[in-house]
There are 2 protein chains.
Amino acid sequence: MRVVKSAEERKNEILDVAEQLFASKGFDQTSTNDIINEIGIARGTLYHHFKSKEDILDAVIDRITGTLMRQAGAIAADRRIPLLDRLTGSIMALNVDSRLGEEVMIQVHKPQNALLHQKMQEGMIRGIVPILSGLIEEGCREGIFHTPYPEEAAEMVMIYSNVAFDELEDRSPEERMRKIQAFIFHTERITGAEEGALQEAILRIFSK
Amino acid sequence: MRVVKSAEERKNEILDVAEQLFASKGFDQTSTNDIINEIGIARGTLYHHFKSKEDILDAVIDRITGTLMRQAGAIAADRRIPLLDRLTGSIMALNVDSRLGEEVMIQVHKPQNALLHQKMQEGMIRGIVPILSGLIEEGCREGIFHTPYPEEAAEMVMIYSNVAFDELEDRSPEERMRKIQAFIFHTERITGAEEGALQEAILRIFSK
DNA sequence: CAGCGACCGACAGGCTGTCGGTCGCTGAGA
DNA sequence: TCTCAGCGACCGACAGCCTGTCGGTCGCTG
């Protein structure tokens, strides 16, 4: 049967299904047949809306990173919140909640999803680093942070949290806690914050 | 024509060709046909020696990371060299020379080679982090470094250098220099070294 | 000369992307 | 209000790849 929808509606429908399948099986293991069978459209329709399978992946990632960046950006720009809390808050916004990409985030780390992971990481870094480095610069002017390399500092923090927390899934709770503690400690050192300052900010967020 | 070789010889022949092809075209873009045509063997022969295409990739990566790790390990263990020089030396051994994997290293960063890149990174981290963290612990005992998290410090330094220097290829020389300076600066901060200490060690290496 | 293991190549089954053609919807003109 | 042309969403067969399998061959060695 032939059901016509607007291009935008159909595109989103494809992205929804693709995101779900990529998340549960990985990109390589998901065939375009899986996608079109799930939706009930023909091969031609899929390729009418997207020029390749990888094009679909890119669009899925754009949607997710866009959402994450908007959330992080909103926190970073909210001047009612103390600066340190904005920094920790926007980093945490990337690794936790975010309803939309949640499933993807869980599966993203499997070895099979290398392309997904890499593209996502690239997109995140491009989008988030400027936000974080803005916060760090602001902190330098306020005397909270001290570093001649705010941008690279942001980059280092982002990259580490992205890669290292991937392998956290299958660790013991103690190990996880240690890694997180270490991450906070190193972020303080890199940004030149006072020791324990970020730690406090994080406790402040959780106590709410 | 039928040429019989020992299993080991044939395996290495396959790995040599695969490494070269993966490096120049990427893993996904290299078909098993490319490999067997280049060597002049049949499909069955390839699958007699390796159980899958990915198995070949794993073997290629093992060879490369093994070589790099041996080099870095040798430097790290050479007690005739000052500790700081051993640290910088073993990190540098991973990103520069290494004749064998050179071509691969150049192409590894292309977006298409995501799987190659990720597997390589994982292997490197697993192998190098213990070496570096050993050096850092040693430095802590000597009073050169100061950190409660030597292992995570090593991890952070390794991950960053692996990811961030990927995108360095297409930057201006000034930007590169800045990134490298920043990396050294942050490594000092993370390890709790005196500011400028690593910088000096690196200059010492290059001046030879 | 037997047996092992390196080697062969046809084949099954799956994949992506293409292309000529169909059909529903919309809006302009009668 | 009716008609009809054109646009764009949609279809599905097909070409041309791909990986991995399997029964069988043949060289070497003891």
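Which atom of B:Lys5 lies 2.9 Å from a phosphate oxygen of DNA strand C? It is a backbone N or O atom of B:Lys5, and I'll come back to the DNA in a moment.

Hi everyone, first some housekeeping. This is a predicted model, where local features need pLDDT of at least 70 and side-chain atom pairs count only at pLDDT 80 or more, while totals for chains, interfaces and linings use all residues. Residues are numbered from 1 along each chain as its sequence is written, chains are lettered from A and ligands numbered from 1 in the order in which they are written, and side-chain values use heavy atoms, with hydrogens and water left out.

Let's start with the two protein chains. In chain A, 33 residues are in contact with 33 residues of chain B, contact being heavy atoms within 4.5 Å. Together they bury about 3,200 Å², with carbon and sulfur atoms giving 58% of that. Buried area here is the accessible area (1.4 Å probe) that two parts lose on being put together, summed over both. A:Tyr149, A:Met156 and A:Arg189 supply 21% of what chain A buries against chain B, more than any other three residues.

On the polar side, there are 4 salt bridges between chain A and chain B, each a side-chain nitrogen of Lys or Arg within 4 Å of a carboxyl oxygen of Asp or Glu. One of them pairs B:Glu155 with A:Lys179, whose closest N and O atoms are 2.8 Å apart. On the side of chain A that touches chain B, the elements giving two or more residues are α7 (114–142), α8 (150–164) and α9 (173–191) of chain A. Helices are DSSP runs (H or I, at least four residues), numbered from the N terminus.

Now, back to DNA strand C. Around this strand there are 24 residues, and A:Thr32, A:Tyr47, B:Arg2, B:Gly44 and B:His48 come nearest; a residue counts as near if one of its heavy atoms lies within 4 Å. Of the strand's atoms within 4 Å of the protein, 59% belong to sugar or phosphate and the rest to bases.

What does B:Arg2 do here? An N or O atom in the side chain of B:Arg2 sits 3.1 Å from a base nitrogen of DNA strand C. B:Arg10 also brings a side-chain N or O atom, this one 2.7 Å from a phosphate oxygen of the strand.

Both chains feed this surface: α2 (32–39) and α3 (43–49) of chain A, plus α1 (7–25) and α3 (43–49) of chain B, each supply at least two residues. The most comes from α3(B), with 5 residues. Thanks for listening!

Definitions and conventions:
A polar contact is a pair of N or O atoms within 3.5 Å; within protein, one must be able to donate a hydrogen and the other to accept it, and residues adjacent in sequence count only if both atoms are side-chain atoms.
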